[in-house]
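Got a minute to go through some labels and the cut-offs behind them? Here's the model to look at.

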Amino acid sequence: MVDINKYLETQLALAQQKRHIKNFKKESVSLRSKTAAEIISKKQNKHFSKCSKDELNIEHGECSQVETSTKKPFKDVESDEEEYLPSGDESNDEVSIPYISTTARIKQNLKKIIDDGDRNQYDARIKCWKVNQAAACLGNYKGDIISADIKYIVDGKSEFDKKHELQNGLYVPNYIWRQLYKYQKVGVKWLWELHQLQSGGLLGDEMGLGKTVQIIAFLAGLSNTDIGKWNGLGPSIIVAPATIIYQWVSHFHFWYPVLRIAVLHHSGSHVGNHNKLIRDVYQSHGILLVTYAGIVKYSNELLSRKWHYVILDEGHKIRNPNTQVSKLIKKLDTPHRIIITGSPMQNSLQELWSLFDFMSPGLLGTYNAFMEHFALPITQGGYANATQLQEATALEIAKALKNIITPYMLRRTKTEVQDHIKLPEKNEQVLFCALSQEQRDLYMGYLMSSTVRSVLDKDNKFGDPLRARILVALSTLRKICNHPDLYLYEAQENIEDVNEDKFGHWKRSGKMTVVNSLLKIWQKQGHRVLIFSQSRAMLCILEQYLQNQNYKYLKMDGSVSVSQRQNIIKNFNEISEYLVFLSTTRVGGLGVNLTGADRVIIYDPDWNPATDNQAKERAWRIGQQRNVTVYRLLSAGTIEEKIYQRQIFKHFLSNKILIDPNQKNVLTTSTLQGLFTLEEPNSEGDTETASLFKHTKISVTDKDKYKNTDSTSVLKLEEMRKKAREISRKISKETENSKTPQLEDPRERYKKKRELILNPPRIEEPEINLVDDKVTNASFDTVISEIEIIEMHTKKNYEENLIQKVLNSQEQVSAQEESTELQNDDIKSKNDKVLDIIEDITTKKHTHSKEENINTNLNAIEENCFSELKSNKRNNRKRKRRDSESKYEIDNLLAIKKIKNKKHKINKDKISNDDDYVLTKLFVKASVKNALQHDAVVGLAEKEKRHKMKEEALVKAKLAVRAIKFSS
Ligand SMILES: Nc1ncnc2c1ncn2[C@@H]1O[C@H](COP(=O)(O)OP(=O)(O)OP(=O)(O)O)[C@@H](O)[C@H]1O
């Protein structure tokens, strides 16, 4: 009881303290901030009176454009207000506004990818491909690899023109089949099964696992199989976001060149009327690539025909059943409907219903019945403050739903297929960045403005749509979080008020300060970076910053023509001079491959977690060779934290349906009041999210150590330089002396020589500066990290020497053993040992799946050893020899494995050390207050751990069974 009283007292004291801080802050808001807030509020209020009630939908509706200001914030971006609103069924088609950019990208002479819309163009391409294929067959092909079949032939593989037959007769070209990963083959088989059942399906593999390739392999199979009404593959439609339609073209041209693939978009190669193109492609059983906007535009012509297949890439675009696009797409006449998406459920369960309504109409009942009997109880039971009954009901209904949808959905995660694709490591962190003083001031000022007051006022007397008011207020706060100028510009009455010198300066934004530090370090470390932001205006500020700092970059947003996007992406991936790829999350974040970068910054969070996830997956996918680090930037204590919390809740909800119905949530519903506060850190320096997910916090334990070395390293470096100067003086003196030997006393020479022999000069190790790259004049490339030094030593012939040593010693041992008669007991104990070793190897093998070669070797030796044990039983004499051979082999492999493991560990340490180093710098500079491990926050880390554990357990069980078998 005493304890409770004490606790309450402390809470009261804390609350009072908090109130005091708040009041203090209120008083300390500057006049400038107050004035800016009032000007902006006035403009917003004026706008609200024009706004109709249905214009905005806070969660998932379509957001019509909100014209909040009379003057546009940036000369080349009309209004970016809608970019901060919850994403609805947004299109990333070209923006029709004139966009005058200063970037180098415009000046680039980019080679365009040409589709097969133009018949002559298509014929010419096929002719060229056939000539090249023939040359490859004859061994005369010298050009670039233009297609998968040519690659296959050039690689010296046989039977490229054969077909691989699946059960019930689908004939997939051999050269494609053989190049598919195992799980992709499963995917193709699954699509074939759906086809036979005339059922729709959702291919939901995680992003970057090659869904496109699986679809192409399947369609190639169909076009090779003489079945059905169309005698193979009939005319089909693939609907894709504008940015990736040309990626589809190049994928088709690479994997299955013979198929005609035409783009139904004004950027396409067809000339003349689009009706003619549709007719032409239809007759040649080709594939029509259409954007989501194109479906609306060409609906009359597309709806009037029967299609063999309709495939929606990034099919979550029809997640809102009420949009025109969703309604039209569902009307397309076809028996085969496929959805491809790495994020099948993003915000709510209604989205899942909408996708299934396209694929398998009726499977999830009517919309109303589904919402009432499934969506509502699952969502209600998902909150942390739900009753036990609500929780239990939600669990059972979620299980039932999962069972219904599972047959129609194929989803594999990267963790599940890691053994096949061998992706490098990924580290994903959420950085809580401190607001700059100016941002704080403006943020507090706006919280006191009439717009926010009207939102929080219970007896709202304004009478206009509250939702719209909330959204606009929230997006205004988000602008302040990004950069003060995004907000202040709105408040400027005259354009002259803007101070050109300070405009957009990085020091005025907490998050830009972090970006500045990150880019500096990463450039020196040789990393390449993707920066995503929601808003084009913010992109302009970032672009200006990149130009000022002379960083080479490429930029892609809605203003870039659709036909150029794929080339910009290609250029970035191929030309390593570009440090940064700058893009809006919605244009560059969907479907594209940007594996040229190994660092990702998500500058501002989207309401929809899938948007951010999609963006980060551009780098961490098949084809990536380097370890990837992702930073999600959040302004601590602000609305951005609340958005992130909303993301976590949505994650939780989709995990509950797609992965594990038992998922537990820790978040409660947030209040309106909560959205409009500037959270102060608690006594431990944590704001709300950081303290909620304390267990996922990343602590850089050596923070203080680094701090100290920060200053001392300067001294050390100076000391080192002094020594170097001394040594060089000495050397030059000696050289001079050696030139004039007659002047030197022979006794002195003898003394020096003796000294040199007794005390050879120590070679100074270069000082390793792990803390502040500023204190050294040397370029980062020449400063070798400790890990690199270790690696150099371990790499340089060390491995080979050691293996050789092991081999030599083993040769001696086995020669001795050959000559010695082994006793039966001895053999038995050796066999036991072999079994132990095998178990050890097998366990280790699965914890180091990255080492492909080792695994192959280990598999071989494992098999060897078992057959060894078998033969031991048969032949005693043979057994003795083989036993020693197998031991010899195992020992060698163990030695190799040890080295490899060590290397692997060093590599892993290097990643964490690289990231630790970056984090430490950010902590030291106080620009970052806290960092969380994102995967742990959204529960993925736990899932991954469970998966790995399950895999290991399975291996052990298998081994146990084998051991029993052989023991008899
Ligand atoms: N079997 C394969 N062999 C070689 N490359 C492959 C294979 N499968 C996929 N890839 C490559 O992996 C990359 C990712 O593939 P793809 O774009 O199809 O992934 P995705 O699952 O559609 O991703 P997203 O969901 O982001 O659109 C591409 O560059 C693709 O060429």
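What follows is a short back-and-forth on a sheet, some helices and a ligand site.

This is a predicted model, where local features need pLDDT of at least 70, side-chain atom pairs count only at pLDDT 80 or more, and totals for chains, interfaces and linings use all residues. Residues are numbered from 1 along each chain as its sequence is written.

Q: Why are E12 and E16 called edge strands?
A: Strands are DSSP runs of E with at least two residues, and helices are runs of H or I with at least four, both numbered from the N terminus. Two strands pair if DSSP finds at least two bridges between them. The order in this open sheet of 7 strands is E12-E13-E11-E14-E15-E10-E16, with mixed pairing. E12 (553-556) and E16 (928-933) each pair on one side only, hence the name.

Q: How do you know that E12 and E13 pair?
A: DSSP has to find at least two bridges, and 4 bridges join E12 to E13 (residues 580-584), running parallel. Among the partners, Lys555 is matched with Leu582 in E13.

Q: What makes H8 "largely enclosed"?
A: A residue is buried if 20 or more other C-beta atoms, placed from the backbone, lie within 10 Å of its own (exposed means 12 or fewer, partly exposed is in between). 8 of the 11 residues of H8 are buried, so the helix is largely enclosed by the rest of the structure. Those buried residues include Trp248, Phe252 and Trp255.

Q: How do you know which residues of H8 and H23 meet?
A: Contact means C-beta atoms, placed from the backbone, within 7 Å. Ile245, Tyr246, Gln247 and Ser250 in H8 meet Val562, Ser563, Arg565 and Gln566 in H23. That contact has 3 nonpolar, 4 polar and 1 charged residues. Here Ala, Val, Leu, Ile, Met, Phe, Trp, Tyr, Cys and Pro count as nonpolar, Asp, Glu, Lys and Arg as charged, and the others, Gly among them, as polar.

Q: Why is the ligand said to lie between domain 1 and domain 2?
A: Domain 1 (51-105 + 433-633) and domain 2 (119-344), with bounds from an automatic or database domain assignment, both give residues to the shell around the ligand, so it lies between them. A residue is near the ligand if its C-beta atom, placed from the backbone, lies within 6 Å of it. Of the 19 residues around the ligand, Met207, Gly210, Lys211, Thr212 and Ile622 come nearest. Helix H7 (residues 211-223) gives the largest share, 3 residues.

Notes: Two residues are in contact if their C-beta atoms, placed from the backbone, lie within 7 Å.
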